[in-house]
Amino acid sequence: MATIEECRAALDQLSLNMARAQGDVRAATAFDRSLSCRITDLDITFVGRLADGTITDVVTVPGTPADKAQIRLTMSGDDLVAMVGGQLSFAKAWGSGRVKVQAGLRDVMRLRSLL
């Protein structure tokens, strides 16, 4: 089971990957949305903002936050680490129910190209 630190490092790596993206992938990072990433096996949620091609203002809160983010991801810590590390595709994880996404369809399609 991935630790809180490993999950946070994966989010930091995702943010770095987004900042370095070029071309169509860079265009897909042009979000300005609130974001939450619930890690079910750790019973925590990372809350932050997707803006200007990076993830900012990330804080860790216990359980599920009362305020709902515009983009809400739910998954295990291992799945987060595997997706960011390239061992698990977002589409496969989403299609199998390992990753749950609550967002507008357009945002989901953009996320697919980032993860």
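A residue is called buried here when its relative accessible area is under 20%. With that cut-off in hand, let's walk through the structure, which is a predicted model, beginning with one residue that the cut-off settles. Asp-107 has a relative accessible area of 6%, so it counts as buried. You will find Asp-107 in helix α5, which covers residues 105-114. What does the side chain of this aspartate meet? A polar contact of 2.9 Å joins it to the side chain of Arg-33. Leaving out residues up to four places away in sequence, Asp-107 touches Phe-31, Arg-33 and Ile-71. Ile-71 will come back shortly, as it belongs to strand β4.

Let's step back to the whole chain. It has five helices and five strands, and from the N terminus on they follow the order α-α-β-β-β-β-α-α-β-α. The radius of gyration is 13 Å, close to the 13 Å that the globule rule gives for 115 residues, so the chain is as compact as a globular protein of that length. Along the principal axes, the C-alpha trace spans about 35 × 30 × 25 Å. The accessible surface comes to about 6200 Å², and carbon and sulfur atoms account for 51% of it. Of the 115 residues, 43% are buried. If you like to think in contact maps, take the contacts between residues at least 6 apart in sequence: 58% of them join residues at least 24 apart.

Now to the strands, with β4 as our guide. This strand takes in residues 71-75, and its two faces have separate surroundings: Ile-71, Leu-73 and Met-75 make up the covered face, while Arg-72 and Thr-74 make up the uncovered one. On one side, β4 runs parallel to strand β1 (residues 32-39), and five bridges join the two. Within this pairing, Met-75 of β4 stands opposite Ile-39. Strand β5 (residues 100-102) also pairs with β4, this time antiparallel and through three bridges. Here Thr-74, from the uncovered face, has Lys-100 as its bridge partner in β5.

Both Ile-39 and Met-75 lead us into the interior. In soluble globular proteins, nonpolar side chains tend to be buried together. The largest nonpolar core in this model has 30 residues, and those with the most contacts inside it are Ile-39, Phe-46, Met-75 and Leu-80. Two or more residues of this core come from each of α1, β1, β2, β3, β4, α3, α4 and α5. Helix α1 gives the largest share, five residues. Phe-46 is a good place to look around. Leaving aside neighbours within four places in sequence, its contacts include Ile-4, Cys-7, Arg-8 and Leu-11, along with Leu-35, Ile-39, Val-58 and Val-59.

Leu-80, another of the residues with the most contacts in the core, belongs to helix α3 (residues 77-85), where Gly-77, Asp-79, Leu-80, Ala-82, Met-83 and Val-84 are buried. Which elements cover these residues? Among them are α1 (4-20), β1, β4 and α4 (90-95). Just after α3 comes Gly-86, with a positive phi near 90°.

Helix α4 deserves a stop of its own, at Ala-93. Ala-93 has 0% relative accessibility and therefore counts as buried. Apart from neighbours within four places in sequence, it is in contact with Met-83, Leu-88, Arg-98 and Val-99. Met-83 is one of the buried residues of α3. For a longer reach along the chain, the C-alpha atoms of Ala-93 and Met-109 are separated by 14 Å, with the two residues 16 apart in sequence.

Finally, two aspartates are worth a look if you check backbone torsions. Asp-52 has a phi near 55°, a positive value in a residue other than glycine. It is found in the loop between β2 (44-51) and β3 (54-62). Is Asp-52 buried or exposed? Its relative accessibility is 70%, so it counts as exposed. Asp-57 also has a positive phi, near 55°, but its place is in strand β3. Asp-57 counts as exposed because its relative accessibility is 64%. Set these beside Asp-107, which is buried at 6% and has its polar contact with Arg-33.

Terms used: Residues numbered from 1 in each chain as written. Predicted model: local features only at pLDDT ≥ 70, side-chain atom pairs only at ≥ 80, totals over all residues. Heavy atoms only, no water. Buried < 20%, exposed > 50% of the residue type's maximum accessible area, 1.4 Å probe, protein only. Helix = DSSP H or I, 4+ residues; strand = E, 2+ residues; numbered from the N terminus. Pairing = 2+ DSSP bridges. Polar contact = N/O pair within 3.5 Å; in protein donor to acceptor, adjacent residues only side chain to side chain. Contact = heavy atoms within 4.5 Å. Rg over C-alpha atoms; globule rule 2.2 N^0.38 Å. Areas by Shrake-Rupley, 256 points an atom, 1.4 Å probe, with all protein chains shown as cover. Core = buried A, V, L, I, M, F, W, Y, C linked by side-chain atoms within 4.5 Å.
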